[in-house]
Amino acid sequence: MNNDPFGHWPDLIEPDPERPELDAAFETFLRQNQTKFFTIALNRLVDPRDADEALSDAALVMYQKWERIQAHPKPIAMATQILNHKIIDYYRVQARHAGREQFLAEQPDITYLDEMGDQDRLDRALEALRKISPQQAECWEMHKLIGESYNEIAERLGISYTAAKTAASRGQKKLKALLAELSESEKGDS
């Protein structure tokens with residue numbers, strides 16, 4: 001699997017001649033974790049180009065804060081938090097642009113809408129879960145959608161193994177309830 005879908009990771013990190021050891025350590029850290037970071041961004045943003053943009057922005061912030069990340073007891077958790085903030089920033093920018101633009105109404109292809117119905121319902125339920133319980137949503141996503149183990153989740157989020165497992169399990173239960181609510185409300189609308 002190509003971890004660099006757009007072929008510009010080598011250009012992402014510009015060496016600082018005054019801190020060569022920092023650059024090498026950061027590049028190693030980023031390369032070791034870029035697949036997981038990209039998967040997290042792709043899972044939340046869906047479009048690989050958007051995920052790549054958010055990850056590039058996050059990588060720049062990680063580089064700027066590299067000394068703090070290295071000093072942190074759980075560096076991956078701090079880096080993941082930076083990535084999550086950049087994903088949220090990406091959504092904010094998109095919402096701002098959408099508010100300023102006038103879209104031409106196009107008739108959507110009905111077959112496409114049918115295929116996307118289940119995914120849309122899951123997306124809406126997951127968004128509701130993120131508002132209700134962000135940690136449960138994040139643990140569930142990382143475990144079920146990305147395929148990370150509870151140990152990996154615990155390390156990334158800076159929580160215990162038990163907390164990661166419990167949050168993912170509770171997130172699963174709440175997500176099922178939210179999906180059921182959405183299905184019921186859709187039945188009532190039709």
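# A guided tour from Tyr161 outward

Begin by selecting Tyr161, which, once residues up to four places away in sequence are set aside, touches Tyr150, Asn151 and Ala154. What you have open is a predicted model, and the residue you have selected, Tyr161, lies in helix H9. With a relative accessibility of 38%, Tyr161 counts as partly exposed, because that class covers values that are neither under 20% nor over 50%. If you now add Tyr150 to the selection, you will find that the C-alpha atoms of Tyr161 and Tyr150 are separated by 5.8 Å, although the two residues stand 11 residues apart along the chain.

From here, move to another partner of Tyr161, namely Ala154, which is found in helix H8. Ala154 counts as buried, at 6% relative accessibility. Show what surrounds Ala154 and, leaving aside its neighbours within four places in sequence, you will see contacts with Lys74, Ile159, Ser160, Tyr161 and Ala164. Ala164, one of these, is 10 residues away from Ala154 in sequence, while the distance in space is 5.6 Å from C-alpha to C-alpha.

Before going further, zoom out and colour the model by secondary structure. The protein chain has 9 helices and 0 strands, so that, read from the N terminus on, its elements run α-α-α-α-α-α-α-α-α. Of the 190 residues in the protein chain, buried residues make up 35%. If you consider contacts between residues at least 6 apart in sequence, 66% of them join residues at least 24 apart.

Next, select helix H7, residues 134-145, together with helix H8, residues 150-157. Two packed helices are described by the angle between their axes and the distance between the axes. In this pair the axes come within 10 Å and cross at roughly 135°, and H7 and H8 are therefore oblique to each other. Turn the view until one helix lies in front of the other, and you can follow how H7 passes H8 in a right-handed crossing. Then show the side chains where the two helices meet: on the H7 side these are Glu138, Cys139, Met142 and His143, and on the H8 side Tyr150, Ile153, Arg156 and Leu157. Sorted by class, this contact has 5 nonpolar, 1 polar and 2 charged residues.

Keep Glu138 and Arg156 on screen, and add Thr80, which touches both of them as well as Phe37 and Ile40, not counting residues up to four places away in sequence. Thr80 lies in helix H5, residues 75-100, and is buried, with a relative accessible area of 0%.

The contact between Thr80 and Phe37 leads on to the aromatic residues. The structure holds 5 aromatic pairs. In one of them, Phe29 and Phe37 have ring centres 6.3 Å apart and planes at 55°, so the pair is tilted. Phe37 counts as buried at 0% relative accessibility, and Phe29 is also buried, with a relative accessible area of 9%. Now add Trp66, which forms a tilted aromatic pair with Phe29, at 5.0 Å centre to centre and with 45° between the planes. Phe29 lies in helix H2, residues 20-45, and Trp66 in helix H4, residues 66-71, so this pair ties together parts that are 37 residues apart in sequence. Trp66 is buried as well, with a relative accessible area of 5%. To see the whole group, select Phe26, Phe29, Phe37, Tyr63 and Trp66, which form one aromatic cluster.

For the last stop, return to helix H9, residues 161-189, and select Glu181, which is found there. Is Glu181 buried or exposed? Glu181 is exposed, with a relative accessible area of 53%, since the exposed class takes values over 50%. Finally, add Ala125 and draw a line between the two C-alpha atoms: Glu181 and Ala125 are 56 residues apart along the chain, and their C-alpha atoms are separated by 8.9 Å.

Technical notes. Residues are numbered from 1 along each chain as its sequence is written. This is a predicted model: local features need pLDDT of at least 70, side-chain atom pairs count only at pLDDT 80 or more; totals for chains, interfaces and linings use all residues. Side-chain values use heavy atoms; hydrogens and water are left out. Axes are lines fitted to C-alpha atoms, for helices over the stretch in contact, and angles run from 0 to 180 degrees between N-to-C directions. Helices (H or I, at least four residues) and strands (E, at least two) are DSSP runs, numbered from the N terminus. Angles under 35 degrees count as roughly parallel, over 145 as roughly antiparallel, 65 to 115 as roughly perpendicular and the rest as oblique. A crossing is left-handed if the near helix is turned anticlockwise from the far one by less than a right angle, and right-handed if clockwise. Contact means heavy atoms within 4.5 Å. Ala, Val, Leu, Ile, Met, Phe, Trp, Tyr, Cys and Pro count as nonpolar, Asp, Glu, Lys and Arg as charged, and the others, Gly among them, as polar. Rings of Phe, Tyr and Trp (its six-membered ring) pair if their centres lie within 6.5 Å; planes under 30 degrees apart count as stacked, over 60 as edge-to-face and the rest as tilted. Buried means under 20% relative accessible area, exposed over 50%, partly exposed in between (1.4 Å probe, protein chains only).
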